[in-house]
Every structure is written in C-alpha cells, then in structure tokens.
Amino acid sequence: MRLHEVYTILDYPQSSATNLLKSMVIMGYLNYNRVTRTYLPTMRVGALGSWLPGFIYSDESYRWLVGEIQRRTDETVGLSTQNDLFIQYILLRAPEHDFKIVPPIGTMRLLVDSAGGLSLMSRMKDSEIDKICRYSNYYQLAEGRRFDSEELMRDIRWARQTGYAILKNKPMKEVSSISIPLEETLHGIPLAVGVGGLADRIAKAQYDIIATMRECIAEFKALREEHAYAEAAE
C-alpha cells in the first residue's frame with residue numbers, strides 16, 4: 001500500500017503515519033519499494049502472525065534454489081530482497097559445519113555495504129544508485145561512516161560486467177560473501193541470492209562457488225518456466 005492509502009484508511013495524520021512507517025522499515029517489519037512507493041510486510045512480521053511465512057514459503061522453487069546452492073557449496077546461503085536503503089534476508093540455509101557466522105532471518109544490511117546490495121544495485125540506474133548513497137550518508141546509517149559514490153560506482157560497474165558482486169571481510173573481517181541478482185521478483189521487489197562464509201574459505205573456493213551459483217540459478221529458471229508452462233496448459 002502507498003502512504004496516502006495507509007493514513008486515509010487509518011484516519012491518521014499524514015506526518016504521524018510517515019514517521020510510523022519509516023520506523024517500521026528501519027526495524028525490519030515493512031519493506032519499502034522506492035519505485036512503486038509502496039509498503040509490504042516482511043518476514044519479521046511472522047513473529048506477529050503466522051500467515052506471512054506460509055505465504056512466502058509456499059513457492060518451493062525459492063527453497064529449492066537456496067537449499068541446492070547450500071548443498072553444493074557447503075556454505076551459508078541466503079535469499080534477500082531490497083527494503084528501502086537496505087537488503088533483508090528472507091530465506092537462509094546454513095551448513096552443518098562450525099566454520100560459519102549465520103545472521104538471523106530478517107537481518108538488514110545497507111545496500112551500499114553488502115554484496116547483496118551491490119548485486120541488486122547493479123540492475124539500477126546510476127541516478128538511483130547515487131540517491132541511495134546520498135541518503136545512506138545523510139541519515140548516517142553506518143554509525144558515522146560515509147560512503148564514497150565514485151568508489152561505490154566502481155564496485156557496481158564490476159558487478160555489471162561480471163554478473164556478480166563480491167564483498168570481502170564485511171560486515172566483519174572474518175566474513176566474505178558473493179551475490180547474484182535474480183530476474184525474479186517478489187511482488188515487484190527485486191531479489192538476490194548470496195553465499196557467505198569465513199573469508200579464507202570463500203577466497204579459496206570463489207570461482208567454484210560462482211560457477212555453482214550460476215548453474216543452480218539456470219536450473220531454477222528452467223524449473224519455474226516448466227511450472228509456468230504446466231499451469232498454462234491446465
């Protein structure tokens with residue numbers, strides 16, 4: 001729903017509704033789509049009711065994609081969406097070994113400071129990326145750290161050229177991650193799939209991981225096309 005729909009239906013003052021919705025985005029309860037200017041509940045709302053997880057998880061193809069990449073790489077794999085100036089993890093699958101640092105589902109990371117964010121921004125216009133960078137700095141979302149737009153665009157151009165984004169030693173020095181954007185969207189919200197783990201393990205297997213991710217994504221697309229064809233035939 002758009003802002004005006006929310007405050008009209010609830011009969012709230014516009015300023016109060018704006019502040020409330022922004023706070024819920026920051027806390028991870030709502031997803032804000034800048035293109036459509038709409039708000040959508042996130043997986044974290046699942047703590048407030050049971051309907052949303054069943055709705056999101058009803059599509060088995062996404063679970064297959066995350067699970068298959070995890071099985072083949074033996075690292076932590078996550079499916080993430082854009083949520084305003086952040087990405088948010090909506091599906092996660094962790095390995096059984098101890099060499100991992102797994103974030104909880106619903107965790108948010110800045111678009112400008114995450115592999116998932118870089119991969120999603122690689123599909124955006126330069127002007128939109130510049131706004132995201134400026135807003136991230138303006139709202140001081142990285143606790144005093146500022147982001148350089150030229151450095152960010154170098155990373156974006158790399159992601160556009162290679163088809164994937166890699167972020168080494170972030171959000172902590174021990175961790176690195178690789179992310180590839182998906183052509184699929186969730187109610188118009190862009191998606192990316194990523195593999196993360198201890199930095200030395202990711203560095204050693206980097207190109208094997210990328211090859212595996214691409215293979216699984218290709219199989220995922222074929223499965224969804226087959227499913228769509230079967231539904232149309234019915």
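How many residues does helix 4 have, and how far does helix 4 reach from its first C-alpha to its last? Helix 4, residues 60-73, has 14 residues and reaches 20 Å between those two atoms, close to the 20 Å expected at 1.5 Å a residue. The model described here is predicted.

## Helix 4 and its surroundings

The buried residues of helix 4 are S61, Y62, L65, V66, G67, E68, I69, Q70 and T73. These buried residues pack against three kinds of neighbour listed here by position: strand 3 (76-83) and strand 4 (86-93), strand 7 (175-186) and strand 8 (189-198), and helix 8 (199-233).

After helix 4 comes D74, which has a positive phi, near 60°.

## Strand 3

Is strand 3 enclosed or open, and why? Eight of the eight residues of strand 3 are buried, so strand 3 is largely enclosed by the rest of the structure. In a regular strand, side chains alternate between the two faces of the sheet. In strand 3, T76, G78, S80 and Q82 point one way, while V77, L79, T81 and N83 point the other way. Both sets are buried.

Strand 3 pairs with two strands, strand 8 and strand 4. With strand 8 the pairing is antiparallel and runs over six bridges; within it, G78 stands opposite G194 of strand 8. With strand 4 the pairing is also antiparallel, over seven bridges, and T81 has Q88 of strand 4 as its bridge partner. Strand 3 and strand 4 form a hairpin with two residues between them. D84, in the turn of this hairpin, has a positive phi of about 55°.

## Salt bridges within helices

The model has 12 salt bridges in total, counting a side-chain nitrogen of Lys or Arg within 4 Å of a carboxyl oxygen of Asp or Glu. One of them joins the side chains of R72 and E68, at 2.9 Å from N to O. R72 and E68 are four residues apart in helix 4, and are therefore separated by about one helical turn. The two residues fall in separate burial classes: R72 is partly exposed, with a relative accessible area of 31%, whereas E68 counts as buried at 13%. The cut-off for buried is under 20% relative accessible area.

A second bridge is found in helix 6 (residues 126-138), where D130 and R134 lie four residues apart, about one turn of the helix. Their side chains meet at 2.9 Å, N to O. D130 counts as partly exposed at 32% relative accessibility, and R134 counts as partly exposed at 44%.

## Salt bridges between elements

Which residue forms a salt bridge with E184? The partner of E184 is R224, and the closest N and O atoms of the two are 3.1 Å apart. E184 lies in strand 7 and R224 in helix 8, so the pair ties together parts that are 40 residues apart in sequence. E184 is partly exposed, with a relative accessible area of 23%; R224 also counts as partly exposed, at 23% relative accessibility.

The bridge between R72 and E68 belongs to a network of salt bridges that links E68, R71, R72, E215 and E219.

## The N-terminal helices

V6 is placed in helix 1, residues 3-10. V6 is buried, with a relative accessible area of 16%. Which residues is V6 in contact with, leaving aside its neighbours within four places in sequence? Those contacts are M1 and L21. L21 is 15 residues from V6 along the chain, and the C-alpha atoms of V6 and L21 are separated by 9.2 Å.

M1 also takes part in a nonpolar surface patch of about 500 Å², made together with I9, L10, Y12 and L20. L20 is found in helix 2, residues 14-26. L20 is partly exposed, with a relative accessible area of 40%. Residues with over 30% relative accessible area and no salt bridge are the ones from which patches are made.

Methods: Residues are numbered from 1 along each chain as its sequence is written. This is a predicted model: local features need pLDDT of at least 70, side-chain atom pairs count only at pLDDT 80 or more; totals for chains, interfaces and linings use all residues. Side-chain values use heavy atoms; hydrogens and water are left out. The expected span of a helix is 1.5 Å times one less than its number of residues. Buried means under 20% relative accessible area, exposed over 50%, partly exposed in between (1.4 Å probe, protein chains only). Contact means heavy atoms within 4.5 Å. Patches are made of residues with over 30% relative accessible area and no salt bridge: like charges are joined within 9 Å, nonpolar side chains (Val, Leu, Ile, Met, Phe, Trp, Tyr) within 5 Å. Accessible areas come from the Shrake-Rupley method with a 1.4 Å probe; for residues, only the protein chains shown count as cover. Two strands pair if DSSP finds at least two bridges between them.
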